[in-house]
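Trainee: I'm new to this one. Could you walk me through it with a few questions and answers?

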Amino acid sequence: MLLLPVWITMLAGFLPVVGMEPMTEGKSDPGQSPYMESPNSNCSHLTLKLEFSSKVVEHEYIVAFTGYFSAKARSLYISSALRNARDGALEWHIVPRENPASDFPSDFDLVHIRQASPSSLLTLEDHPYIKRVTPQRKVFRSLKYIPSPETAASCNTTDKMQKWQSSRPFRRTSLSLASGFWHSTGRHSSRRLLRAIPRHVAQILQADVLWQMGHTGSGVKVAVFDTGLSEKHPHFKNVKERTNWTNEKTLDDGLGHGTFVAGVIASMRECQGFAPDSELHIFRVFTNNQVSYTSWFLDAFNYAILKKIDVLNLSIGGPDFMDHPFVDKVWELTANRVIMVSAIGNDGPLYGTLNNPADQMDVIGVGGIDFEDNIARFSSRGMTTWELPGGYGRLKPDIVTYGSGVRGSGMKEGCRSLSGTSVASPVVAGAVTLLASTVLNRELVNPASMKQALIASARRLPGVNMFEQGHGKLDLIRAYQILNSYQPQASLSPSYIDLTECPYMWPYCSQPIYYGGMPTIVNVTILNGMGVTGRILDKPIWQPYLPQNGDYIDVAVSYSSVLWPWAGYLAVSISVGKKAASWEGIAQGHIMVTVASPAENDSEVEGELTSTVKLPIKVKIVQTPPRSKRVLWDQYHNLRYPPGYFPRDNLRMKNDPLDWNGDHIHTNFRDMYQHLRSMGYFVEVLGAPITCFDASQYGTLLMVDSEEEYFPEEITKLRRDIDNGLSLIIFSDWYNTSVMRKVKFYDENTRQWWMPDTGGANVPALNDLISVWGMAFSDGLYEGDFTLADHDMYYASGCSIARFPEDGIVIAKNLKDQGLEVLKQETTVVENVPILGLYQTPSDGGGRIVLYGDSNCLDDSHRQKECFWLLDALLQYTSYSMTPPSLSHSHSRMQPPTGTEHPMPQRLEGNHLYRYSKVLEANLGNPKPRPLPACPHLSWAKPQPLNETAPSNLWKHQKLLSVDLDKVALPNVRSYRPQVRPLSPGESGAWDIPGGIMPGRYNQEVGQTIPVFAFLGAMVVLSFFVVQLTKARSKPKRRKPRIKRPTYLQQTTSGKTPTV
């Protein structure tokens, strides 16, 4: 999320970046606009690249309280707590915060504590009114506007170029790489519109239908947290308040991003927004240098609650879902009925790249599509990674909408086009604002009911899975119909579980279930539209359909004890019963869940409101596969950011130094998983210690990029399992303490170095695991291209094999010493680096062990050359004892190393891995292992069988209760559509309405002239008929057929209906 603790700037320059062009660095003057504009242009079409990072601020701490207190009371509490620390050398003071919220009670203070010891911070947290103490963080955002190569398609008169260059290197590319607005007319059309006048996104989503009904966002307060807005921007008529939360003395937008976002939501002319009559509240939380602080956001959030904001757009995000002050405040916002809409992130197409806060259950997370309804390449994909390793991620994004080539307001005037999920987010925020204004009883509108309406009305995109599109594409009109017939209720996301429905239900549909397999976990979100808090009554009920073999599956359910705010989880574990061990077929059933919420004070219902929802389940069961075809993926020993600093496996990738994608087969190892499934292997996930699985069921245990330590009991059990026939494949990565010190982060404020907690992998722990067989990895660090078995390979920051049994097979290659390059900037080629080892254990019926020193060829994050063919060959060896001839007879085969050539890696002295480890705990001296935890135990639900037929189509069968779309009639309106023709040179971009002004209340002069013209027109028509009648009477009479008298219809119009 915003608080991606790269606390810091990475030490630049120690390695050249592969595949990146050098960037000209420059600094933006806070008082100068970072744009270069042509004064005659009113439209531009740009690609926006956006980056977030943050770092800890020296000696500053956010002290969060248990409630809202006055400044005097907060000061007394802090003084009292620090007096108890009894530290005479302690110097502290409360940092003053000059902003609009400073006059009101607050739930936090910013405290400057010099030479703060851990004991003094703990003393602070011991105070009964202090909830938490966390470091203050400084947030950086980097924007770069790049002219699109397709500007002529949507901005035919553009000659404006806008550009910004950061003085900091970009860590991640965030927004779109291509922002073309007009594309082919269909998903696979061979004909294209060559030139056309662009339509605004609000019209494409049919906002004009609601406008003509008189709904334009009136009475809804919408907040934009961004870079501000100029006071006299011509696109906005109803800016209620502009507030500045930064340390700059200006309210204006010096970058243009905040203006663009506000325009998509509420612009009234040219590039029209969704809700032009809404109350705009502009929160300037970023400086012109694109810097912010956590405390600025917390104060601004408190002020938004105080102002009773209805909708809040937050086009920021990052991977730090464990930044407690920010996450807690988002929960508090939504608990106060603020509907938060946030961008899901721009780190696609990689899976497991969701950003916070959009990945929270109470927030509407928005992904991006282009105007051909294709998922935008930049849009982040699910699943959430909060729940790993023991559970499974939730369904996100919630919804997708247009985020590529969207037109919005320019910084001073005119329009421009931008792309990215930070563009898609205000599209949904504007739609939500417009929808909220259509509901007469505003008490029905809350974060849960609005999300329920959006996801229930969304249009599913064909051929796209749920972790790409969520519930589908935003459908504004269907959402209006649902919201205006809505009754408070609970619902589920997803609303059903169908493990046979591909591709939407990927990855669940990609592998059938069978007896003896790891339970399939589906993490369902419960949305509670009845109230901010709720609970599940009794226990969920499992009801299998007997005609559909539902009694062949077992179901276990765990769930949130309290649903707050507005949501909770329902974790469903599905397993196959023993009687289906040799059976194949489809099994179905459903889970019944009843949710209760306290009635509101002004509600007519007393006591509790209840809502019962049904979760249909459909699975495909196959016979248990043979042991040789079953691969177990070790998830338990993979660690990721947050919370610790776990570096990337490829040191060349300096622009993205953190390992934060979860290292799961359905996130950054998705392609590897898909390949194994295509080869006929069944891949299961181990989310518990090695002591918690039956090794006799599996042919191979696959460990890739492991960062965690191992319990002594795990080491003992693995040795026993391999003696009994289990095989082991390990893909390691680099670990070198000198390099780890070199690639540390420097915090400029604290002037402290932050060390990695491991290398690319935890090689010392892996060596402990395999030492019993005389094996070990080295602390060497190598890279380079080579050929193996006629396949081109790339070794990316891998380690070598330091010791291997003499009767094993070892493959060596010539590689560059990357460690020497990092430490001394010298390039040396090392001959015969042992990188691959294959070994058959000597015990009777024993398994096989394979070591390879680099995992980047399997990892989707930065893979340059895949090695799936090698994994196939290694699985043939471990599963069937078939040694690949291309390896056993390779000219690269060498004598196994004995361990004397290279030193064994030692753990980094003073590392903090114990803070984030599930295995280690803090101890005086060196950390020691915790007690081995108990293995997960599932409590299977007692079935209540139903002798009835299950529904055939689970998706269409599901809908919100008490919602009848036929009851909500839409007006018979004919929305305006612009003619398809190119703009003439110099023609205004405000093509859709004369003068670029929306009629009605937006232009009072135009509105006042309408009755005059209407009266004159009526007089002309009346005069015409009087003349005709006079002529008819003056002519001689003759017989003629009777003519029916014409009937004149009077057309009524609404003064506040925009004509678009």
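Mentor: Sure. One term to start: two strands pair if DSSP finds at least two bridges between them. Keep in mind that this is a predicted model.

Trainee: Then over how many bridges do strand 20 and strand 24 pair?

Mentor: Strand 20 covers residues 520-528 and strand 24 covers residues 567-576. They run in the antiparallel sense, and Val524 stands opposite Leu570 of strand 24. The number of bridges between these two strands is eight.

Trainee: Which strands are at the edges of the sheet?

Mentor: Four strands make up this open sheet, in the order 18-20-24-23. An edge strand here pairs on one side only. That gives strand 18 (490-493) and strand 23 (553-559).

Trainee: And which helix packs on the sheet?

Mentor: Look for a helix that touches strand 18 and strand 20. Its direction makes about 120° with that of strand 20. The helix, residues 447-457, is helix 10.

Trainee: Moving on to rings, why is the pair of Tyr514 and Phe682 called edge-to-face?

Mentor: The ring centres are 5.4 Å apart, and planes over 60 degrees apart count as edge-to-face. The pair gets that name because its planes stand at 90°.

Trainee: How many residues apart in sequence are the parts this pair ties together?

Mentor: Tyr514 is in the loop between strand 19 (497-498) and strand 20, while Phe682 is in strand 28 (residues 682-686). Both Tyr514 and Phe682 are buried. Their separation in sequence is 168 residues.

Terms used: Residues numbered from 1 in each chain as written. Predicted model: local features only at pLDDT ≥ 70, side-chain atom pairs only at ≥ 80, totals over all residues. Heavy atoms only, no water. Contact = heavy atoms within 4.5 Å. Axes fitted to C-alpha atoms, helices over the stretch in contact; angles between N-to-C directions. Phe/Tyr/Trp six-rings, centres within 6.5 Å; stacked < 30°, edge-to-face > 60°. Buried < 20%, exposed > 50% of the residue type's maximum accessible area, 1.4 Å probe, protein only.
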